[in-house]
Amino acid sequence: MDIFIRKLREQDAEELFQFELQNRTFFEKMVPSRGEEYYEYETFCLRHQELLVEQESEKSSFFLIINNSNQIVGRINLVDIDPVIGIAHIGYRVGEGFTRKGIASIALGLLLETASTYGLKKLHAKTTLENRASQKVLVKSGFYPVLFENERDQGEFVHYIFEY
């Protein structure tokens with residue numbers, strides 16, 4: 001499947017909201033819930049605007065994973081970008097109907113290429129202990145595990161690092 005990543009835009013709000021709603025149950029099996037308010041359209045739009053402001057300030061870059069039918073199949077992000085020391089954190093999620101197709105690996109490869117243009121030296125990622133698929137994607141992409149942590153009220157996580 002051909003995919004590409006594209007920076008989040010204001011006009012993406014409605015389609016992205018539908019994507020999040022459709023995949024809520026699936027995502028919440030692997031990551032902590034974003035809470036009920038997140039799934040109210042007005043709240044979602046406010047949060048969407050906050051992300052765009054954060055992206056404009058270059059503190060983060062939010063991307064949609066798009067297939068060749070111009071459909072959102074996932075999200076992938078660079079957050080907490082620190083250009084001074086050259087680090088950022090990544091996160092991603094692929095919709096349930098698009099798993100097991102290599103999309104996360106391809107999108108992560110595209111993000112790694114993009115992140116290199118930011119002058120970053122190190123990327124951090126974490127995944128829940130139960131999310132074996134995401135762990136495989138990270139290792140396959142060159143990340144290595146560095147820490148296991150039980151985060152209070154959030155669950156057990158494995159932390160990873162990628163170095164350029």
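Buried here means under 20% relative accessible area, and every view below comes from a predicted model.

**View 1. Helix α1, its bend and its buried residues.**
Helix α1 covers residues 13-28 and bends by about 50 degrees at Q22. Its buried residues are A13, L16, F17, F19, E20, N23, R24, F26 and F27. An α-helix has 3.6 residues a turn, so residues three or four places apart point the same way. As for what these buried residues of α1 meet, they pack against α2 (41-56), β2 (61-67), β3 (72-82) and β4 (87-94).

**View 2. Aromatic pairs, starting with F19 and F27.**
The structure holds 8 aromatic pairs. In one of them, the ring centres of F19 and F27 are 5.8 Å apart and the planes sit at 55 degrees, so we call this pair tilted. F19 has 4% relative accessibility, so it counts as buried. F27, with a relative accessible area of 3%, is buried too. Now swing over to Y38 and F44: their ring centres are 5.3 Å apart with the planes at 70 degrees, so this pair is edge-to-face. Y38 and F44 are both buried. Ring pairs also tie F17, Y38, Y39, Y41 and F44 together as a cluster.

**View 3. Charges over rings: R93 on F27 and K126 on F157.**
Back at F27, the face of the ring has R93 over it, 4.3 Å from the ring centre. A second case is K126, which lies over the face of F157 at 4.6 Å from the ring centre.

**View 4. Strand β2 and its partners β1 and β3.**
How many of the residues of β2 are buried? It's 7 of the 7, so the strand is largely enclosed by the rest of the structure. In a regular strand the side chains alternate between the two faces of the sheet. Both faces of β2 are covered, with S61, F63, I65 and N67 buried on one side and F62, L64 and I66 buried on the other. Strand β1 (residues 3-7) runs antiparallel to β2, and 5 bridges join the two; I3 has N67 as its bridge partner in β2. Strands β2 and β3 are also antiparallel, joined by 6 bridges, and S61 finds its bridge partner in L78 of β3. These two strands, β2 and β3, make a hairpin with 4 residues between them, and N70 in the turn has a positive phi of about 60 degrees.

**View 5. The largest nonpolar core, and another one apart from it.**
In soluble globular proteins, nonpolar side chains tend to be buried together. The largest nonpolar core here has 28 residues, and I65, L78, I90, L108, L123 and F143 have the most contacts inside it. At least two residues each come from β1, β2, β3, β4, α3 (103-116), β5 (122-128), α4 (132-140) and β7 (155-163). Helix α3 gives the most to this core, with 7 residues. Zoom in on I90: leaving aside its neighbours within four places in sequence, this residue is in contact with N77, L78, L108, L111, L123, H124, A125, L138 and F143. Apart from the largest core lies another core, of 15 residues, among them F17, F44, I66 and I72. Two of those names appeared earlier, since F17 and F44 are also members of the ring cluster, which is linked by ring pairs.

Conventions: Residues numbered from 1 in each chain as written. Predicted model: local features only at pLDDT ≥ 70, side-chain atom pairs only at ≥ 80, totals over all residues. Heavy atoms only, no water. Phe/Tyr/Trp six-rings, centres within 6.5 Å; stacked < 30°, edge-to-face > 60°. Buried < 20%, exposed > 50% of the residue type's maximum accessible area, 1.4 Å probe, protein only. Lys NZ or Arg CZ within 6 Å of the ring centre and 35° of its normal. Bend = angle between axes of the 7 residues up to and from the residue. Contact = heavy atoms within 4.5 Å. Pairing = 2+ DSSP bridges. Core = buried A, V, L, I, M, F, W, Y, C linked by side-chain atoms within 4.5 Å.
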